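Me: I'm new to this structure and would love a guided look at one part of it. Could you take your time and walk me through it?

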Amino acid sequence: MKPRAIGKRRPYVRPMAGWWRKNPYFVEYMIHEGSAFFVAAYALVLLVGLLRLSQGEAAWNGWLFALHSPLSIAGHLLLLAAMLYHAWTWFNIMPITLPPIFVAGKRLSASAITAGGVAATVLASVILLLVVWRLTS
Amino acid sequence: MVLPARRQNRKESRPAMSEIEKTIPIEVLRYRPEQDTEPVLQTFQVPFTDDMSVLQGLQYIKDYLDGSLSFRWSCRMAICGSCGMMVNGIPSLSCKTFLSDYYPAGLRIEALAHFPIERDLVIVMDDFIEKLESIKPYIIPKTPRALSEGEYLQTPAERDVYEQFSSCINCMLCYAACPQYGLNSKFVGPGIMALLHRYNMDSRDGGAEQRMELVHSEDGVFNCTAVGYCSEVCPKHVDPGNAVNINKTESAKDYFLRFVMPKGSNSGAAK
Amino acid sequence: MSANLKRSNAPIFWLLFGAGGMLSALLGPMLVFITGIAIPLGLILSPDAMSYAHMQAFAHHWLGAGFVWVIVSLFLWHAGHRIFHSLHDIGIHAGTTAKLICYGIPLVATIVAARAALVSLT
Amino acid sequence: MEVFEADIAVVGAGGAGLRAAIAAAETDPALKIALISKVYPMRSHTVAAEGGSAGVVQAHDSLDHHFNDTVGGGDWLCEQDVVEYFVAQCTEEMVQLEHWGCPWSRKPDGHINVRAFGGMKIERTWFAADKTGFHMLHTLFQTSIKYPSIQRFDEFFCVDLVVEDGRVQGVVVIETATGQFTLIKAKSVIIATGGAGRVFRENTNGGIVTGDGMAMAYRHGVPLRDMEFVQYHPTCMPGTGLLFTEACRGEGGLLLNKDGYRYLQDYGLGPAEDKPRNKAMELGPRDRLSQAFWYEQQKGRTIEGPHGSVVHLDLRHLGEAYLRERLPQIYELAEEFLGVDPAKTPIPVRPAVHYTMGGILVDGNCAAPLAGLYAAGECSSVGIHGANRLGSNSLAELCVFGKVAGIEAAKYAKSVAPGNTASLLKQAADAQKQAEQLVIRSDGTERIATLRKEMAQTMEDGCGIYRLGDSMQATCNKIDELKQRFKNVNVEDKSSVWNTDWLLAIELGYQLDVAQAMAYSAINRKESRGAHQRLDGFEARDDINFLKHSQAHYAGDGMPRIDYGEVKITKSQPGTRAYGAAGEKAEQERKQASHV
């Protein structure tokens, strides 16, 4: 295309500051992006546990004791909520990220993909719980 | 989201046609580069009937209240892609957004977000066009064919693979919905990726490898953070977010497999 | 448009992000429940499920040690990548500091966790 | 003023303009092509075409059938040699589009599919769901990007042609974004600006369809041919006039009056059968269907709505799944704009202006009488539509004749020397002065919208589906008056950047000239033929006096001069134009007669 003359043009570029506050969709996006902090926090809790474990029994028990504190339990309840929210939003956006999936000649709907993801989490959770239960009883 | 629900309500509650004439306040973001230093809001009281679109409201303003209001429009039926604008902060085609859905509170209309404003509701779309031109948006034949040989055979299933992405009307609502484009306009963006993907997925095309360079690049698909709003606002159900994200997977595959497989053997990666 | 066709290295980080995101979506809630709620409160599982003996036995096997290592590092790569983009989203653009923090922490954690896991293995 | 040196200037970048530019670029890559459009190419009104594009493909079909349908459909006012060329080229052009990527709908075996269309004896309408024009336009636009010799001028508004030494040598354009003028020098100019349906009130056309190219050529002495023939499409949305494609009927849709009765059987289109039969009932030609609506309305058998009388387009029996596959856009239009679910409720429809059969007079090579000037697409009158266009012939036309125009303009451009820039610039400066005068003056009193509204109303009153001498005279007088009042038009916006008020005023000037040509051509045609139907003593076709093309010549402030040109008849002598059972009988008789 022909390069535009400037003339009296003075295109106005709007600032982006605060863009995510202007639309409920974006607010939700920023909140679910924020779930990353909780995922990180839990990973750090586990990392500390792993370190403590490698340092011997006393160190491990100290970590285990800390896990029993009401503050820790409250914190983990919050973490649980955040993890569930993360899982939900993860699967909610999944239909956009996956190539079309055809089942019996029909394209799988977005809600079916999300439901499938949620079902996978339920299944994985049950298996994990059973494994842990087997290993520890 | 708010909008689809509203649309649904409309279907049920809207009387078939007009009744009494009512008036609705329409706030319009004005910007006249020869007189304004920055955009300003101006409110117009517009009489309307229930079957009037937002575009018809703007036409009323231009015809009878202020002839200097500028905006793009043409087909009035959601296929030419001209009349995209922000309606109460939501990227919308003004021809298929209806005034009655905003009555009595009124509505605010602004130029499409994330693009420079040329004048009033008219944005500068050079960037979009340059991107469109850069992706080789035409068939690069896999197997050249003479006209005398007739059409390429393509089954309905093969057509279905790309048809959705070929429905993009270039209205750019997805760009106005994409904060990553707003934050970094070098990002190739959703709509153009949909078109690129449309050609890559076409059974007649063999040019995927040429197009993937842009996909892989720093201006390519990895600028996307899967916000997903682009697909939400698309008036033609194109799902541009899907085109971007499928290509993240393709690009990542290529990123690692190129070391395993010699160049060229992987050209059909996007297929 | 002056397209910058330099190949992006994002796929490395994006894959780690995606793997961590998927893993945390599938297993995160139950892991938090088990380690942070059920066991401390003695719900469902026995209260000594995470006793030193149990855990040592668990970490002694390469599967157990590897599992914890994968969870810790991928969760952090996921989080780091997301936070890096969120910083960009709120206007703090791809500075070296942001990069160092967002990808440095997961990197260090991956190494530290690997070392700890290896120690527990032996 | 800036000067751009091109070999060929193409004005209009819809289907015809793009096809012409590509053809010219392929003819000789050394030719510099300026492709000028007042909107971005993909906004052009080709985008709104829905149903499909004609091209003979089926074994039991033939070029002769397509020829006969077209010539009969045009009430024998067609240039038969041009139609013959046209039908022979359609299929190759459709294949060409396929090779360029057009997503034609397919049969299970992978071959392209065709559907039935009004007035066509055999199914030969290629389609891409019900967005055929959209897909063709985007395919052409995106393909045009391949050719480096095509230099686009997007959102440049053309205000005049420059003519010197008896040939056209360029165009003068305004850059919308800046208000600045450029002279685009060219050895040949192709006009492909589309129709002029916006001169009517209720129409299917986009806001940009204002007859710009027709008016520009007309003002330079090129006659506008057959302008009285304006097509009413029978199935449009009440109020807005938005189109429900003929493919609705091609796929089996029915037209019902207020009693649920398929009224078309009362107008020589029957018998009414359950399955759609080609060239009968709902698959009759558009002029006949629109006329039948008018009679139903007279008889009080239509349904009253807030935007006038309507009949029902009933698609319910086709079922939601089929409708979503074949007519997805129609489905959404009905849902979103009317709140009607077409799988459950019939769609209210009424006729609206859709297409201008006439246009810039050109020969079979798309060449206008002015040397160096070519025209293609709806703005032109190459002679294939006659008095009534058949659906799906216009999309095919813009490909076939877009290509011809491109090749011929390229040939011509290579045969002439470049013009004298200095004297062309002088002309361009005059054009600039005249255009700028609209903005500079501050004593205008006439509102653009008021003039436009009065024009559209009077055109509808006088040049509607049925016409009367008195009301046509009133329309002629009114347009004359509006042209005078236009001299006093007020452009409120005095700025340079994106001054659409100014461009609307220039467009209104174009529209008034085109409307005047239409109205005067209409009143002078004292017969009924195709889309021109009179009820004032000229109800019959009059082949003795009016088997002729009308030609309107511009006369400045005065009324246009109307004269007549011969119609080229090669192998189809004018016959009775009948459809339904009567049509089949007439065809039998013609066949027998020709065997004797």
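Me: Of the five pairs of chains in contact, which chains share the most contacts? Please take a close look at that part, starting with chain B.

Reply: Happy to! One thing to keep in mind from the start is that this is a predicted model. Of the five pairs of chains in contact, chains B and D share the most contacts, so let us begin where they meet.

The contact draws on 70 residues of chain B and 72 residues of chain D. Together the two chains bury about 5900 Å², and 53% of that area is on carbon and sulfur atoms. On the chain B side, three residues are good ones to find: B:R76, B:M77 and B:L147 supply 13% of the area that chain B buries against chain D, more than any other three residues.

Now for the charged and polar pairs. Six salt bridges are counted between chain B and chain D. One salt bridge to look up joins the side chains of B:R72 and D:E155, with 2.7 Å from N to O. Across this interface there are also 40 residue pairs in polar contact, with both residues at pLDDT 80 or more.

Which parts of chain B provide this surface? At least two residues each come from α1 (2–13), α2 (54–65), β6 (117–119), α3 (126–134), α4 (156–166) and α7 (190–200) of chain B. Sorted by character, the residues on the side of chain B that touches chain D are 32 nonpolar, 15 polar and 23 charged.

With that picture in place, let us look inside chain B itself. Chain B is divided into domain 1, covering 2–123, and domain 2, covering 126–257. The centres of these two domains, taken over C-alpha atoms, are separated by 30 Å. Where the domains meet, 18 residues of domain 1 of chain B and 17 residues of domain 2 of chain B are in contact. They bury about 1200 Å² between them, with 70% of it on carbon and sulfur atoms.

Again three residues deserve a look: B:P91, B:H114 and B:F115 supply 45% of the area that domain 1 of chain B buries against domain 2 of chain B, more than any other three residues. Between these domains there are zero salt bridges, and five residue pairs are in polar contact, both residues being at pLDDT 80 or more. On the side of domain 1 of chain B that touches domain 2 of chain B, the elements giving two or more residues are β3 (84–87) and β4 (90–93) of chain B. Of these, β4(B) gives the most, with four residues. That side of domain 1 of chain B is made up of 13 nonpolar residues, four polar and one charged.

B:H114 is worth a second visit. This residue lies in the loop between β5 and β6 of chain B. Although B:H114 is not a glycine, its phi is positive, at about 75°. Most residues other than glycine have a negative phi, and most peptide bonds are trans. The second half of that rule brings us to another spot in chain B: the peptide bond from B:Y103 to B:P104 is cis, with omega near 5°. You will find B:P104 in the loop between β4 and β5 (107–110) of chain B.

Let us now cross over to chain D. Here, too, a cis peptide bond can be found, joining D:G270 and D:P271 with omega of about 0°. D:P271 sits in the loop between β14 (254–256) and α7 (286–298) of chain D.

Chain D also has an open sheet of five strands, in the order β20-β18-β12-β25-β26, with mixed pairing. β20 (380–381) and β26 (561–566) of chain D stand at the edges with a single partner strand each, so one side of each is left without a neighbour in the sheet. Within the sheet, β12 (residues 224–225) and β25 (residues 548–553) of chain D pair in the antiparallel sense over two bridges. To see this pairing up close, find D:L224, which stands opposite D:A552 in β25(D).

Finally, a word on chain D and the other chains. Chain D touches chain A through 14 residues of chain D and eight residues of chain A, and the two bury about 990 Å² between them. Zero salt bridges are counted between chain D and chain A. On the chain D side of this contact, strand β7 (residues 150–154) gives the most, with four residues. Chain C and chain D, by contrast, do not touch, and their nearest C-alpha atoms are 15 Å apart.

Notes: Residues numbered from 1 in each chain as written. Chains lettered and ligands numbered in written order. Heavy atoms only, no water. Contact = heavy atoms within 4.5 Å. Buried area = accessible area lost by both parts, 1.4 Å probe. Salt bridge = Lys/Arg side-chain N within 4 Å of Asp/Glu carboxyl O. Polar contact = N/O pair within 3.5 Å; in protein donor to acceptor, adjacent residues only side chain to side chain. Nonpolar A, V, L, I, M, F, W, Y, C, P; charged D, E, K, R; others polar. Domains from an automatic or database assignment. Pairing = 2+ DSSP bridges.
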